Structures are given as structure tokens and as C-alpha cells.
Amino acid sequence: MLDANIRSILMQVRDEAADQGIHATLLLHHEKSHLMRIGNSSVSLNTSEDLLRLDMVVTDGRRQGSQTFLGAIADADVVRSVLAAAKEKARVASPKTYDPIPDEVDVPVSEDSQFDTDLAELDPEVKESAYREIFGKLGEEYNYSGSWSSGATEVYLLTTANRNEAYHRGTDQLFSLVLKHPASKWELTHQQTGWRAADFAAEKTTDEIGRLLPTFENSGGCKVDPGEYTVILGAGAISEIVGMAAWTGLNGRGWEEKQSWTARMKPGDMILGENISLVDDPGNPHTFMFGFDMCGRKRGIFPLIGDGELLNLMYDSGTAARYGRKPTGHDTGSPSLVMDTGFGPSDPLDAARDMGRVLYIPALHYMNLPSRSKGIFTGSSRFNAVLVEDGRIVSPIFSTRITDSFQNVLGNVSVISSIPESVNGSNTYGRRTPVAMSVPSYMIASGIKITDSADSF
Amino acid sequence: MTDAAEVKNDISQNISRISSGGAGYVDARYYMEDSSETLVLYDGDLEANDTTVQSGVGVRVLWDGAWGFAATSDPSGLRSCFDKAAQNARTASELVKAPLFMGKRDPVRGSYSTPVEVDPFTVSLQDKLTFMTRLDNELKDEFILKRIVYANFMKKSIHFQNSEGSEIQKDLSHVFGMMMAMALDCDGEMQRRSMNLYSTGDGTAGWEMMTNPELFSGHAGRIKSELVELIKAPQLEHGRRSVILLPGQGHLQVHETIGHPLELDRILGYELSYAGGSFVDLDSFGKLQYGSEKLSVSSYGGIENSPGSFGFDDDGTLELDYLLIDRGLLVNALTSRAMVNEANEKAGREVFRQSGGAARATSFYKAPIDRMTNVNILPGTDGTLEDIIASTEDGIVVDNPVSWSIGSNREHFHFGCEIAWEIKDGKRTRILRNPTYQGHTLEFYRSLSAVGDRSTWKVEQVNNCGKGEPNQVMQIGHGVPVVKFDDVITGERK
Ligand SMILES: [Zn+2]
């Protein structure tokens, strides 16, 4: 639980600020992170981080300033000095042309339903022995790499608007393994995600990679010529495409500023295929559930696309203030995007049985957007991608590039899996911010544009 | 942290304690200061006015061929931080097939300071905002829908010590600037022109870079006038033609398809689970014709005012000046001590003579990995941009990236740019919208047919290169001349 001393220091400084008429937001972020990295079948790095960050935002009419401090909070003077720095920045700031919407913790929140002590205190030896077991089962002749990040995050939010507190505590993990053939150079991967230590099981990885190994061992791989293909997109690829479509098409700022691929549409218009529905649902346990936004707004289910129709756009506080809208509490910051499942069989190969030659691309690497206005994205296949004929895997494919639009790919989906899958989208660039999407385990779309492919693995 | 001398003394004692306990190598980086200020004017509104301050110590312990790392921002927690790093290394050493080793090195003592005329952290916020608002006003125009003026200032004071007796003090300062104007084109699609602060390679790296009209502040009028043409321009049609990259685009091409594939940790497979691998392997060095004879690429720490210059890396190695590609032939990589040792051992021969000084960590709480320094294409002998245009039959000149997507082994790529100028029979004819080009790395560099002279060479800055797990964002420089490639696939198929 939140350190009692730090909590009382923050409340004290919040009260002092309020008494002085300062409008401030105090956000404490505490992470205890561990990451084991594997390279060349060895542990290449075993690292621990225990970091405390304090963000202070001061609003002075139309002027705002913020200061972030990373370090030990030994006494109230540390917090007062961060407040003073933010206050001074706000004093000197040039005024905005609109009134910022004050942050306010709507209702007191204290949530830790996705906190697991076993994962928070996971001994790195557990990770080491799991990797050892997997190497042994899949074969010592391969080259293994991977990483296993786990940790606990605490977020504590106070504002001078009232005395409410918002507190979140959670745990999360992301395991990955890459198996590379030392001579042939093909790569297979498997990932596991969850918020409990018990969500991980070594067999899930050995089973999935073991299933694909014979195909890769017994085939030289093939190059895919440019053209239009029917493609089975796996959960990883779906989360990349849908996540980026949401980021660029469903946030209020991009829409207001006519930068998004939805800019010429409005709520009520059909923007994608009739079988595509998407919500931001912080109550969905396949995501990392975060019940309030960083401005203090309580979050519930927020529909974005229903049966292909644009229902709502997400407005963060700054965008809402700028364009005279209401902040939705949902933004692209820590989303819990959930795409509806369909009626497809659990095995995508069964679904593709009558489809002839199709590509199975489980994930996309390095996606980017040549045209945000047109919704054009590009990215390439990497691991586990194969050519399928009449529902049978016939050969791995070399790295293959898709350059297409969200509207085309998500407008021509013929089969959607009935099984939801959680895809961990967290990165560890800045502070620990667990993010996961719940998407169908696969979908099949036709007429997908393949624009290039590598000549070998 | 409290008294810096006391902390350094504590670090020395802990390094000795952990070394004498059996560690093969120990180092610590003490960030006495690590500040970053970000200011963003968005349509004139100050949307970011933020400063981040942090300090702390990161400890790295090598135990039986495996790294353990731990960090603390609490001076009272130094001893337990060293213990944690050592414990992490011991756990890691239980699963080691290819032991890492640093080799023996004499103590290195030295210091490095980025040359700065005016420390941006001494310029008042008021003065910074007045300057940025002036730029924003220059970007204003009726047809312009969005304007952005961005500034980022970084300052780090780092004390490095290791178990070999090395002690290095680094005081780094970086300035990043960007301005952008956006407008809707004739099809209702948003177009943009932008300008990033660059350097000429000489001079200082303080606030004076921002206010220098050539390097940054004098370009608002140019990008506006290019944008007004761009929004009326026709689309680039699909087809094969020559592509001339201005440094604003060329630096990212170099970054993604020369820099990243030549990071030795990536070549050795240490990035497979995240950033990816490399089509280059240890056999490639001294044999692989990476590009045409016109291609010479260096890793050079001597560019005074570039974020890729830091004096000494986080292994305590002096940052060097050496060739990566010599007249088309691949000869070296971006290297650190442990990676060089592992590569040579694996190859059974000396592929690399010494570390190139590329081990870098982004903050005290991250462990060093192989990073780019300043990865540069050396100027050539094909004259100015106008000379290169004059010798081009059918091509485009492109500038500034909109989109970049690269294959996981860096073997193929796809780039979208802000603007293209069409070249027909040696003359610029018109501006074209939505230019894209794609290719395969080796085929592309082997088609390099012209390299501009020193007058075309600019040091572009990258302040957001992502790599590693835990992920790290790094600051890098690229000195690049104007370069021309032939027979490139451009535009998108209908
Ligand atoms: Zn990069």
C-alpha cells in the first residue's frame, strides 16, 4: 500500500496549496519493476528499478506550468519545492487562448483488484528457471532470446479542488521468448501477459512454439509477391491495426484538427465494416483496468465504434478545453480497448479451410502511417508468419510488408474469432504504464495489399 | 542526493566491496543532475511548459559472465543498491551459455563537457517564450491550420567510476528545436512542412543554436512558402526513378538502415525480442559490399555540437572516430567492450580490434547498451545540390520524414516524406505531394550514384531513438550530405 508518510506529506502540501489559493494537481507514480533479458540463450541482463515520480501541475487562470521530480520524498520540503517550481513556471507562462478545465478527483477511488503479491514479489530465480525449462524442452540447438518484465505500479492523485484521493495499485507482466534457428535464421516467438504470477505457464510457450516448429524446420520459406491477398491477422496484428486506428481516428484532437482518417465523418456515420465494434472498457479483465484518468475523472465503459458506426470520440482535458467539449475521461493515454469477438471457430485454420491460399500474419512489426488523413498504414510481418492452403500450413513466409488503409482492412473482414485474447501493449520507455487490449484471437480480411517482401529470413 | 563528494566516496567503497566479493567487473554512474525542459507552443498556446529533474545512481555488476543492474535515487539506499545489483548478477549467472566479459583495461581518468556558449537553463522562461512566440508569429498565415514550435533542453552531469579505477566526469548539454506548419490540401488531406534544428558540425551547443537563423530560427518563411505550393501540388505517381535525399530525410535513412543494423549487440542477437536483428553478421565485416564506392560512413565523436558526442561512453571508453563503411565495403560496427569480446570469441578471430565507445544508457536507472554515436555519411565529390539535380534525368528530391517502417532485420524499408520536388532532364519542375519510397537496404545503397560535397553536409539531430529492454530513448547525431540513389520504387501502386 501507499507509504503512509508520503501520503500524509502529499495531503499536507495539497492542503497548504489550497489554503494559499493555488490550483494544483499532485500525481505520485511509484513503480517497482524487474526485467530479465535473454540473449544468446543466456540471461544478458537482470535489472531492478524502484522509482518514485511526482508530477505537479499548477494552473494560474489561463497559465499553466508543470514540474516532474524523480527521487526520494523524505520530507514535505521536497514536495513544497516541486510545487514552488511548477508555480513559478505557471506565473511566467504565456496565457492560453482558452480556459483550462480544472483537474478534480470526482469521487474517492481506491482500487487494487489487479494486484497480486506473488507477482509484485516474484523472485528473479523463477524467471531464470522457467527460461531454462523452456530451452530444455524446445531444444538446446536453437538460439533463444526474450525478456520478462514484471512489476507493481502505484498511482496516487490529489487536486486542490477538493479533498478526494484517487489511488490505484496493480501488477502486470509481459513475457516473451524468441527462438531463432542459428543457421536458417528463421524466428518463432511467443508472448504471455497477465496481472497474476499464476497467469504464466511455461507449457503455453513450449506448446505454441512446438506446434509451429516442424513447419519451419521442414520448409525453406517463401517470398510473397506484391498483390492483394486474403490474410488471417492474429491478435497481435489486430491490436496493432485497431490500436493505431483508434489513436489516429478516434481521438478528439485529431478529429477537430482534421488530421484523422475520420475527419470528414461524424458520430453516426459508418466508418468501418458492420462487424467491427470497439469500446474503451476499463472494467474488462483482459485489459489492465484503470478506473480514473490522470485528471481525476472516473472512467466507465465508453463505446467508440458500434457495428461499424462511429459512436464517440475521446477527448482529453486539454483538447476538450480548447474546443469547448466535455472531457470524456477516456483518451489515448492508458486505454483498455476491447474489440468485439465474432463467431469464427477457435482455430483460424478451420476458418480458412475453404479459402484456398491465404497468408497468416500473427503480428506486425514497426507500423507507421504514411497518411494519417487517409488512414494508410504500413508494417511488416516478422515472427510465426506462414502461407496457408486449404486450411493447412504449407510454408513460413519471409518478412512481408502490408501497406493498406484501416478502412479497407477493417471494412473487409469475413471471419472474426469467437475467442478473446489479451495483447499486452505496454512499453517501458518512461514510467511503468501497463496497457493491454482485448481483441479476437484472429480475423480474416480479404483484398489486403502486400507491397513488398524480403528475399530471405 | 546530498553531498556529492560523500556519494562518490560511498560509491568507491561499494565498488571495492562488491569487487572483492567476487564480481568480475563493477561500475556506477552517478547522475548529480539530469534535467530536461520541454516547451511547446501549439497554435500559439503554451501546451507544454514542463521541467523534469532527477538524480541517482545506477550500478552494474558482472558476475560469472552475467550482468546484474540496480538503481536508486535515494542516497541512503546506496549500499543495498549495490547488493541488489550483485544479487541480480548472481541470479543471472545461473543461466549463462555465452559468458560476457569486459577484458582488462588500465584506469581511464578524464572529463568531457559539451561546449556551450549560453546554457539554456540560464535563459529565463520569459525570454524563451518570447523567442518561440516570435517564431510562431512568423508561421502564421491565413491558409495555415496548425502551427507548432517545440523546444527541448537537456543537461546531465554524470560521474562514472568502475572497478578498474577509472573515473570520468561528463557534463552534457543538448538543445532540440522543431517548427511545423500544417494546412489542408486540395483533397482535404492535412499536409505539413517542418524544420528541425541542425548544426554544421562546428561551434557550440547552447541556446545560441536556437537563435541562429541558419541552424533554426530563420526557416519559418521558407517552410511556409513550401507549404503553400505543396497543398496545390499533384500526387507523386508510382514508378521507378532517382531519389535525392536532403539531409532532413537522409539522416533518418542512415539512422534506420546503416546505424541500427550496425549495432553490434543487435548483430549478436541481443535485441531479437524487441527491436529486431540485423541482416549483417560477423562474416560480413571486410567482405560485404554495403553500398557503392561513393558510400563512406563514419562513427565520429568529434562533432562538437551534436548530441552524439559525449567524450567517453558508459564502459569508460573514449569515443572514437573510425569508419564503419569504407568506399562501400563494410569494415566496422558500433561497439562496446563486452560485445567486441563476445564477437571475437564467437568468430574465432579478431573481427574488432577495440570497442568503438558506443555503450550508452539514457538515465541513471537504465543499463548501457550499444547505441549510435554520430553516424555520418562522409561528404563526396559530386558538388552541390544543384549540381546533382543537373545530372539527374528523372527523379525526385525529398525532405523530412512523415513515416518510416523498417523490416525487423533492417533488410527492407518504407519511408514517407513531407515534400518532393520533381526533377526532369536536370531541372526542378514542380512540387509533388505524399511522396513515398521503398527498397531493400543493400540494393538501395549499391545504387548510390551521387554524394554532395561539404557544402551540402549537415548534422541532423535525433532525440527519440528507441531501443532496449527496459526501453531507452537516446539522443544521436547524423552528419549527412545530399545523396542520390537510382532506380528506386517511389509512390504507391494503385
Ligand atoms: Zn533509432
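Trainee: What makes the meeting of domain 1 of chain B and domain 2 of chain B an interface, and how much area do they bury between them?

Mentor: Domain 1 of chain B and domain 2 of chain B bury about 4,500 Å² between them, with 50% of it on carbon and sulfur atoms. Please keep in mind that this is a predicted model. The figure is accessible area lost when the two parts are put together, summed over both, so it speaks for both domains at once.

Trainee: Where do the two domains of chain B lie in the sequence?

Mentor: Domain 1 covers 4–230 and domain 2 covers 239–490. Their centres, taken over C-alpha atoms, are 21 Å apart. The contact draws 63 residues from domain 1 of chain B and 49 residues from domain 2 of chain B.

Trainee: Why is the pair B:R60 and B:D315 called a salt bridge?

Mentor: Good one to check by hand! The side chains of B:R60 and B:D315 come to 2.8 Å, N to O. The cut-off is 4 Å between a side-chain nitrogen of Lys or Arg and a carboxyl oxygen of Asp or Glu, so this Arg–Asp pair qualifies. Across the interface of the two domains the rule finds eight salt bridges, along with 31 residue pairs in polar contact, both at pLDDT 80 or more.

Trainee: Let's turn to the other chain. How do you know that B:E469 and A:R37 form a salt bridge?

Mentor: The reasoning is the same as before. The closest N and O atoms of B:E469 and A:R37 are 3.1 Å apart. That is within 4 Å, and the pair is a Glu with an Arg, so the name fits. Between chain B and chain A the count is eleven salt bridges.

Trainee: Which part of chain B gives the most to the side that touches chain A?

Mentor: That is strand 2 of chain B, residues 45–63, with ten residues. By class, this side of chain B divides into 35 nonpolar, 32 polar and 24 charged residues.

Trainee: Why do strand 3 of chain A and strand 2 of chain B count as paired?

Mentor: At least two bridges are needed, and five join strand 3 of chain A (residues 63–70) to strand 2 of chain B, so they pair. The two strands run parallel. To find one such bridge, look at A:Q67, whose partner in strand 2 of chain B is B:T51.

Trainee: How much do chain B and chain A bury between them?

Mentor: About 7,100 Å², 44% of it on carbon and sulfur atoms. B:D45, B:L95 and B:L272 supply 10% of the area that chain B buries against chain A, more than any other three residues.

Conventions
Residues numbered from 1 in each chain as written. Chains lettered and ligands numbered in written order. Predicted model: local features only at pLDDT ≥ 70, side-chain atom pairs only at ≥ 80, totals over all residues. Heavy atoms only, no water. Buried area = accessible area lost by both parts, 1.4 Å probe. Helix = DSSP H or I, 4+ residues; strand = E, 2+ residues; numbered from the N terminus. Nonpolar A, V, L, I, M, F, W, Y, C, P; charged D, E, K, R; others polar. Domains from an automatic or database assignment. Contact = heavy atoms within 4.5 Å. Polar contact = N/O pair within 3.5 Å; in protein donor to acceptor, adjacent residues only side chain to side chain.
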